[in-house]
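I opened this structure to look up a few local features. These are my notes, in the order I took them.

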Amino acid sequence: MKKQTLKRGVSLALASAMVFSLTACGDGGGNNTESSSSGEEIPTIDQITVGEDYQDIEASIKVLTNRTDIVDTVYAGYAEEFMELYPNIKVEYEAVTDYEESLTLRLTTGDWGDLCFIPTGVDKSELGDYFTPLGDFDTLDPIYNFVSEKTYDGTVYGIANGGTANGVVYNKKVWADAGITELPKTPDEFLDDLQLIKDNTDAIPLYTNFSAGWPMGAWDAYIGIAATGNPDFMNHDIVHMKDPFAKQEDMTGPYAVYYTCYESVARKLVEEDPASSDWESSKTRINNGEIATMVLGSWAVQQCKDAGDTPEDVGYMPFPITVDGKQYAGAGGNYSFGINNQADSDNQIAAMVYLKWLIEESSIYEDEGSIPALKGEDLPEALADFEGVELLSDNPPAEGEETLFNDVNNQSEVGINNDDYPNCYLLECALYGSKTLDEVIDEWNSQWSAAQEALGVDVNM
């Protein structure tokens with residue numbers, strides 16, 4: 001696997017933030033085989049040696065992906081390379097538009113293929129209904145990053161297709177042409193810089209990609225570590241806090257993130273008609289300088305670099321919030337790969353072998369500019385501007401609270417990280433002036449409090 005280097009000074013605290021004890025774990029399957037739905041034993045991913053094991057197995061597997069742009073090129077190339085090593089396993093990719101909606105429906109049928117990106121709407125408690133156990137947490141956590149994200153009751157059901165740090169994609173030339181010499185570190189500095197871009201260049205200061213919907217959901221990723229510097233915030237503190245969305249005097253926390261989004265729209269620092277925005281073309285437009293800024297995970301950097309003739313102009317900055325004089329960035333997994341537990345045993349094994357090869361032996365992380373799933377690998381070049389920024393991953397929930405955030409989030413219907421609704425609603429309120437930011441925040445706090453009360457959550461913060 002080809003490796004990449006990272007500029008000096010970037011601190012990655014993934015290891016320390018993600019190492020923890022799961023005393024609730026029972027006897028895991030890391031050193032034993034798991035049983036498929038048909039009762040046949042399936043190896044866990046740590047038991048497989050790629051290139052040696054299962055050379056005689058014959059199977060034809062289907063891999064579902066949302067990457068409609070590279071499914072017939074880059075992804076087909078991975079399949080071809082793997083099939084040279086395993087000629088008896090045929091790998092076929094299927095690209096799916098409207099991925100979240102389509103996959104959520106297809107999963108219920110059981111007849112969707114063999115390997116997919118697990119839709120974000122699948123609760124942890126439901127993972128075992130659809131996906132094959134990949135191993136136990138205590139075994140896989142020292143090997144792979146981000147496994148806690150798809151772990152339930154000590155069993156891992158998904159491994160991330162690499163990871164991203166949360167920040168902002170920007171065109172370095174446009175920002176420089178606007179007269180900006182230092183990257184912003186607070187929401188108001190960011191908004192002032194967007195205004196300079198509007199006044200001094202022809203570029204759209206901030207492109208929301210509202211029409212596509214899902215890019216708006218990216219804003220939720222910043223309300224935890226980037227806004228608080230606290231790896232316990234998302235899976236513990238926010239659940240037990242009174243009014244977690246309320247404004248903080250130092251402009252940190254979730255309010256600061258949503259303020260940045262709301263004010264960008266209200267001050268007309270975004271595209272003229274967000275409803276007609278276009279995701280695919282936006283990557284080319286930020287490459288060529290028509291767009292100055294987009295709030296997206298670091299996974300988007302390489303796509304924007306590849307979309308035009310000036311990749312050197314595409315950069316990535318930390319989200320503009322400072323906590324006690326320091327900036328933080330959350331690091332988390334992209335979509336996680338999951339294996340269909342309704343497929344026959346040979347297909348499940350073949351999918352497990354392909355998954356292990358893909359995340360350990362292929363060039364996928366170099367190609368996509370993401371943090372590798374395999375621990376110990378180098379970080380992507382995209383994070384070279386994060387000097388002095390501490391990267392942290394969310395700590396897991398406390399024992400007995402594994403689903404509490406999901407429960408409160410769903411009961412409240414606020415919808416953090418579930419879909420793009422809260423941020424699209426925020427944008428619409430700002431665009432049409434139908435509600436002030438504080439009115440929206442009050443709504444969300446009220447809904448959150450009602451959910452806490454309904455579920456009997458101890459509110460002690």
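**Entry 1: a serine and its contacts**

I looked up S336 and found that, leaving aside residues up to four places away in sequence, S336 touches C116, F117, I118, K150, G158, I159, A160 and N161. I note here that the model is a predicted one. S336 belongs to strand 16, which covers residues 336–339. Is S336 buried or exposed? I put S336 down as buried, because its relative accessibility is 1% and the cut-off for buried is under 20%.

**Entry 2: strand 15**

I went next to strand 15, residues 328–333, and found this strand mostly covered, with five of its six residues buried. Which strands pair with strand 15? One is strand 11, residues 163–165, which runs antiparallel to strand 15 and is joined to it by three bridges. I picked out one residue pair there: G163 has G333 in strand 15 as its bridge partner. Strand 17, residues 390–392, also pairs with strand 15, in the parallel sense and again over three bridges. On that side I noted A329, which stands opposite L391 of strand 17.

**Entry 3: cavities and a pocket**

I searched the whole structure for cavities of 30 Å³ or more and got three. I took the second largest cavity, whose volume is about 50 Å³. Its lining is made up of L206, Y207, T208, N209, P215, W219, M294, V295 and L296. By class, I entered seven of these lining residues as nonpolar, two as polar and none as charged.

I then turned to the second largest pocket, with a volume of about 250 Å³. I listed 14 lining residues for this pocket, and K185, Q327, D385, E387 and V389 are the ones that lie nearest its centre. The classes in the pocket lining are five nonpolar, four polar and five charged residues.

**Entry 4: cysteines**

How many disulfides are there? I counted zero disulfides. I checked C424: the closest cysteine sulfur, in C261, is 9.0 Å from its own sulfur, so the two are too far apart for a bond. I also checked C429, which is in no disulfide; its nearest cysteine sulfur, again that of C261, is 11 Å away.

Are C424 and C429 buried or exposed? C424 counts as buried because its relative accessibility is 10%. C429 is buried too, with a relative accessible area of 2%.

Terms used
Residues numbered from 1 in each chain as written. Predicted model: local features only at pLDDT ≥ 70, side-chain atom pairs only at ≥ 80, totals over all residues. Heavy atoms only, no water. 1 Å grid on protein atoms, 1.4 Å probe; cavity = no way out; pocket = protein on both sides within 12 Å on 5 of 7 lines; lining within 4 Å. Points joined across faces, edges and corners; volume = space filled by probe spheres on them. Nonpolar A, V, L, I, M, F, W, Y, C, P; charged D, E, K, R; others polar. Buried < 20%, exposed > 50% of the residue type's maximum accessible area, 1.4 Å probe, protein only. Helix = DSSP H or I, 4+ residues; strand = E, 2+ residues; numbered from the N terminus. Pairing = 2+ DSSP bridges. Contact = heavy atoms within 4.5 Å. Disulfide = S-S within 2.5 Å.
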